[in-house]
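Here are some notes for a colleague opening this structure for the first time. Keep the viewer at hand and follow the points in order.

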Amino acid sequence: MPELISKVEKVLPKILIGALGYEARSSQFMLSEDLDSYDEILIFDYQSDNLHSYEINKSIYKNSLEGRAKRCSSKSEILHELERVGKNFQVSGFEISVDFSSLDRGLIADLVLAIYRNRSVIGSVEVLYFPQTFSKPELKLETVTKFGPISPEFSGSSRSSTQKLCMIVGAGYEFGKVIGAQDRLEPDEIYVFSPVGTDPQFEDAVEKANYEFEFIGDVENVINYNLLDPEETFSSLFELVRHKKSTHRVLLLPMGPKILAVFSLLIAVRFHPDVRVWHYSTHRPDGPQISNAIASGQRISLKFASAAIFGESHA
């Protein structure tokens, strides 16, 4: 496991990326962070007019960041802005913080790739995450809309197609998703990361949605990770992937809290193309496609030295 950041040798310009979306928690970073400490702020605007908390969030944005942040309304635009930042600070380098809480997983994958491509000028990467308050889920099977690589870059290599498959899954409270993935892919080994640490109701809902994990077989393959201890979570996932990739095809399926998806993508780019990351999307035909998410008030942060997370070279 690479050493995470400890001391910063020099003060670098700081960049912040966040979302302006329909979830109530998407504005939490505007209320919680010292916005004056950042040299540039990039905001991805989901333009979700009249949906959930979007109008309130837009008002908070205007009060906190109007005129100070670059507001991007397309994926290509925010990626272009990040590339521009990399060129602007090519000599000095910069630090980047990203609030991943309300970003969709496809955009998260693209941002991780963009950060990786700019790694030579990025001194550190800070992952910010604001968990949501518990909302009781409906225990219903949902229609699968996507099951495959989160993006082409994370589809992995075919060189090891004869190796056994090790699937490492993040569990959420979506009913039956883990066992559904197991049935579809039939991995030789499966490990499940189950979130704890923020709300006992959430932990109970995760267990019920996943049939108490009885189908896993070996209880040691169910790994409880504490959302409030991101360094230990990252280290555990990193070491498991590093160990398994030498003997297995490793497939990460990080459902549940998005912070595990961020860690999975960071680890996957480190070990590219030996590790793949898949996405499992569902929706209920008889219910709403999206829901609001209210910040619990907890702030989770983990900062990496760029060289430590991405390595000095890339195979």
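1. Where is the place of Pro273? Pro273 sits in the loop between α8 and β11 (275-283). The peptide bond that joins His272 and Pro273 is cis. Its omega is about 0°. Bear in mind throughout that this is a predicted model.

2. A second loop deserves a look. Asn50 is not a glycine, yet its phi is positive, at about 65°. The loop in question runs between β2 (40-45) and α2 (54-64).

3. Now turn to helix α8, residues 258-270, and its packing with helix α7, residues 230-244. The two axes are 10 Å apart, and the packing angle is about 40°. Angles from 35 to 65 degrees fall outside the parallel and perpendicular classes, so α7 and α8 are oblique to each other. The crossing of α7 past α8 is right-handed. On the α7 side, the contact is made by Pro230, Thr233, Phe234, Leu237, Phe238 and Val241. On the α8 side, Ile259, Leu260, Phe263, Ser264, Leu266, Ile267 and Arg270 take part. By class, this contact of α7 with α8 has 10 nonpolar residues, two polar and one charged.

4. Helix α8 also packs with helix α4, residues 105-117. Their axes come within 10 Å and cross at roughly 35°. This crossing of α4 and α8 is right-handed. From α4 come Arg105, Ile108, Ala109, Val112, Leu113 and Tyr116. From α8 come Lys258, Ala261, Val262, Leu265, Leu266 and Val269. The contact of α4 with α8 counts 10 nonpolar residues, no polar ones and two charged. Leu266 is worth selecting: it is listed in the contact with α7 and in the contact with α4.

5. How do α3 and α4 pack, and at what angle? Helix α3 covers residues 75-88, and it packs with α4 at about 20°, with the axes 10 Å apart. That angle makes α3 roughly parallel to α4. The α3 and α4 crossing is right-handed. Lys75, Ile78, Leu79 and Leu82 make the contact from α3. Gly106, Leu107, Asp110, Leu111, Ala114 and Ile115 make it from α4. Seven of these residues are nonpolar, one is polar and two are charged.

6. Last, the empty space inside. How many cavities of 30 Å³ or more does the structure hold? There is one. The largest cavity has about 30 Å³ of space. Its lining is made of Ile168, Val169, Gly170, Phe193, Leu237, Leu252, Leu253, Pro254, Leu260 and Ser264. At least two lining residues come from each of β7 (164-170), β10 (248-254) and α8. The lining divides into eight nonpolar residues, two polar and no charged.

7. One link ties the cavity to point 3. Leu237, Leu260 and Ser264 are among the residues that line the largest cavity. These three also belong to the contact between α7 and α8. Select them together when viewing that part of the model.

Terms used: Residues numbered from 1 in each chain as written. Predicted model: local features only at pLDDT ≥ 70, side-chain atom pairs only at ≥ 80, totals over all residues. Heavy atoms only, no water. Axes fitted to C-alpha atoms, helices over the stretch in contact; angles between N-to-C directions. Helix = DSSP H or I, 4+ residues; strand = E, 2+ residues; numbered from the N terminus. Parallel < 35°, antiparallel > 145°, perpendicular 65-115°, else oblique. Left-handed = near helix turned anticlockwise from the far one by under 90°. Contact = heavy atoms within 4.5 Å. Nonpolar A, V, L, I, M, F, W, Y, C, P; charged D, E, K, R; others polar. 1 Å grid on protein atoms, 1.4 Å probe; cavity = no way out; pocket = protein on both sides within 12 Å on 5 of 7 lines; lining within 4 Å. Points joined across faces, edges and corners; volume = space filled by probe spheres on them.
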